[in-house]
Amino acid sequence: MPRLAAALALVALLAGCAGQRLEDYAAETPRLDLREYLDGPLQASGIFFGRSGRADLRFTVDMVGSWDGNTGTLEEDFVYSDGRTERRVWTLTFADDEAFTGTAHDVEGQAVGRQSGSAATMTYRLRLTREGGDEITVSMEDWFYLLEDGTLINRARMSKFGITVGELIVTFRKPAP
């Protein structure tokens, strides 16, 4: 019986370390409000890491966000290192100062997000077109972290059937005036 209790205690400890919670960032500054940060022109650079951990694809993004109250439009124009381009237009709607939803042409249903303190998170299902033209739908878990210098870092995990298939790291910056 003592071995079972020790094993259960270890499982409980590991489960407690299994992930982050948005509440962990509630008291941290600078305070992130995506309605403010995603307003106006933005530039981003990112890299996609495949299942092997290899840096498979780099990209840049030019963005423009505009808001009417708690509803915003974020236009994203991607240029990938393999020469492809892509455009995604998000519509983001805040229910209050924390919770928001988002839609885009390649998102199944709605993205669901929250922000608190210096961070935000968003989950959604994204349709991707693979080489050859067939589509795959992946689950996305995005985390955003605002740094003191105004840089916003996005770490996104892509999964299929609960198995991680890739990760994105993206840095967002407001252009110099």
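Phe 161 counts as exposed, because its relative accessibility is 77%, and this residue is found in the loop between β9 and β10. The model that shows this is a predicted one, and its strands β1-β2-β3-β4-β5-β6-β7-β8-β9-β10 run in that order around a closed barrel of ten strands with antiparallel pairing. From one strand to the next, the twist averages 25 degrees. The points below take up backbone geometry, strand pairing, aromatic pairs, charges over rings and salt bridges.

**Backbone geometry in loops**

- Phe 161 has a phi near 55 degrees, which is a positive value in a residue other than glycine.
- The peptide bond that leads from Thr 29 to Pro 30 is cis, its omega being near 0 degrees, and Pro 30 is found in the loop between α1 (2-16) and α2 (34-37).
- As background to both cases, most residues other than glycine have a negative phi, and most peptide bonds are trans.

**Strands of the barrel**

- Strand β4 (residues 85-94) pairs with strand β5 (residues 99-103) in the antiparallel sense, over four bridges, and Thr 93 has Thr 101 in β5 as its bridge partner.
- Ser 116 lies in strand β6, which covers residues 107-116, and it counts as buried because its relative accessibility is 17%, under the 20% cut-off.
- When neighbours within four places in sequence are left aside, Ser 116 is in contact with Leu 22, Tyr 25 and Ala 26; of these, Tyr 25 also belongs to an aromatic cluster, described below.

**Aromatic pairs**

- The structure holds ten aromatic pairs, and one of them joins Phe 59 and Phe 78, whose ring centres are 6.0 Å apart and whose planes stand at 50 degrees, so that the pair is tilted.
- Phe 59 lies in strand β2 (residues 55-68) and Phe 78 in strand β3 (residues 71-80), so this pair ties together parts that are 19 residues apart in sequence.
- Phe 59 counts as buried because its relative accessibility is 7%, and Phe 78 counts as buried as well, with a relative accessibility of 10%.
- The rings of Trp 143 and Tyr 145 have centres 6.3 Å apart, and the pair is stacked because the planes are at 15 degrees.
- Trp 143 and Tyr 145 are both buried, and together with Tyr 25 they form one aromatic cluster.

**Charges over ring faces**

- Arg 35 lies over the face of Phe 94, at a distance of 4.5 Å from the ring centre, and Arg 35 is also a member of a salt-bridge network, taken up in the next group.
- Arg 84 lies over the face of Tyr 80, at 4.6 Å from the centre of that ring.

**Salt bridges**

- The count of salt bridges comes to 18, and one of them links Arg 31 with Asp 33, the closest N and O atoms being 3.9 Å apart.
- The two partners differ in exposure, since Arg 31 counts as exposed at 53% relative accessibility, whereas Asp 33 counts as buried at 8%.
- Arg 31 and Asp 33 are further linked with Arg 35, Glu 36 and Asp 97 in a network of salt bridges.
- Arg 127 and Glu 135 meet through their side chains in a salt bridge with an N to O distance of 4.0 Å; Arg 127 counts as partly exposed, at 25% relative accessibility, while Glu 135 counts as exposed, at 52%.
- Between Arg 155 and Glu 167 there is a salt bridge in which the closest N and O atoms are 2.4 Å apart.
- Arg 155 lies in strand β9 (residues 152-160) and Glu 167 in strand β10 (residues 163-173), so this salt bridge ties together parts that are twelve residues apart in sequence.
- Arg 155 is partly exposed, with a relative accessible area of 47%, and Glu 167 is likewise partly exposed, with a relative accessible area of 23%.

Methods: Residues are numbered from 1 along each chain as its sequence is written. This is a predicted model: local features need pLDDT of at least 70, side-chain atom pairs count only at pLDDT 80 or more; totals for chains, interfaces and linings use all residues. Side-chain values use heavy atoms; hydrogens and water are left out. Rings of Phe, Tyr and Trp (its six-membered ring) pair if their centres lie within 6.5 Å; planes under 30 degrees apart count as stacked, over 60 as edge-to-face and the rest as tilted. Helices (H or I, at least four residues) and strands (E, at least two) are DSSP runs, numbered from the N terminus. Buried means under 20% relative accessible area, exposed over 50%, partly exposed in between (1.4 Å probe, protein chains only). A charge sits over a ring if NZ of Lys or CZ of Arg is within 6 Å of the ring centre and within 35 degrees of the ring normal. Two strands pair if DSSP finds at least two bridges between them. Axes are lines fitted to C-alpha atoms, for helices over the stretch in contact, and angles run from 0 to 180 degrees between N-to-C directions. Contact means heavy atoms within 4.5 Å.
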